Structures are given as C-alpha cells and as structure tokens.
Amino acid sequence: MSETTPTPTSNRKTGLTDAFRDHFSGNAPLTEKATNFAKARPWTSAAFAGIAAMAVLNTLRGRR
C-alpha cells in the first residue's frame, strides 16, 4: 500500500520561486549561488540590480 505523491509542477507564477529555491539552497558560498542564478536568469537579476541601484540613489538623494 504505497501512495505516490504527485511531483509539483511549476507554473509561470511559481517559476521564479522555484529558481530561487534551486539556486540558493545548498552549502555553496552566497556569491557562487548568486552567480549561478544570474547565469540562469539574466533578465531577472538585471531587474533586481536596477531596483537596488534606484533604492541606493534615492537614499543618497536626500543627503547634502
């Protein structure tokens, strides 16, 4: 009496979450994980870098 569990299938909404889980799990250094993620999903990592750059520029804009 063995029940088989269905393998989770990825859809468009959870595809990015699955990619994060795949690339950022394990014992490798964080820089290696981020490099592998950037190679696998270059447009997504470029968008994240752009958002981070805008956040830094907005915080520095108020300083004199």
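**Lys33 and the nonpolar patch**

Trainee: Which residues does Lys33 touch, not counting residues up to four places away in sequence?
Mentor: This is a predicted model, in which local features need pLDDT of at least 70 and side-chain atom pairs count only at pLDDT 80 or more, while totals for chains, interfaces and linings use all residues. Residues are numbered from 1 along each chain as its sequence is written, and side-chain values use heavy atoms, with hydrogens and water left out. Contact means heavy atoms within 4.5 Å. With that cut-off, Lys33 touches His23, Phe24, Ser25, Gly26 and Ala28.

Trainee: How far from Lys33 is the nearest side chain of opposite charge?
Mentor: Lys and Arg count as positive, Asp and Glu as negative, and His and the chain ends are not counted. A salt bridge needs a side-chain nitrogen of Lys or Arg within 4 Å of a carboxyl oxygen of Asp or Glu. Lys33 is in helix 2 (residues 30-40), helices being DSSP runs of H or I with at least four residues, and strands runs of E with at least two, numbered from the N terminus. Lys33 is buried (under 20% relative accessible area, 1.4 Å probe, protein chains only) and has no salt bridge, as Glu32 lies at 9.2 Å.

Trainee: Why does Phe24 count as partly exposed?
Mentor: Phe24, a contact of Lys33, lies in helix 1. Partly exposed is the range between buried and exposed, the latter being over 50%. Phe24 falls in this class because its relative accessibility is 31%.

Trainee: Which helix gives the largest share of the nonpolar patch?
Mentor: Nonpolar patches join side chains of Val, Leu, Ile, Met, Phe, Trp or Tyr within 5 Å, from residues with over 30% relative accessible area and no salt bridge. Phe20, Phe24, Leu30, Phe48, Ile51 and Met54 make one of about 590 Å², with areas from the Shrake-Rupley method. Three of its residues, the largest share, come from helix 3.

Methods. Patches are made of residues with over 30% relative accessible area and no salt bridge: like charges are joined within 9 Å, nonpolar side chains (Val, Leu, Ile, Met, Phe, Trp, Tyr) within 5 Å. Accessible areas come from the Shrake-Rupley method with a 1.4 Å probe; for residues, only the protein chains shown count as cover.
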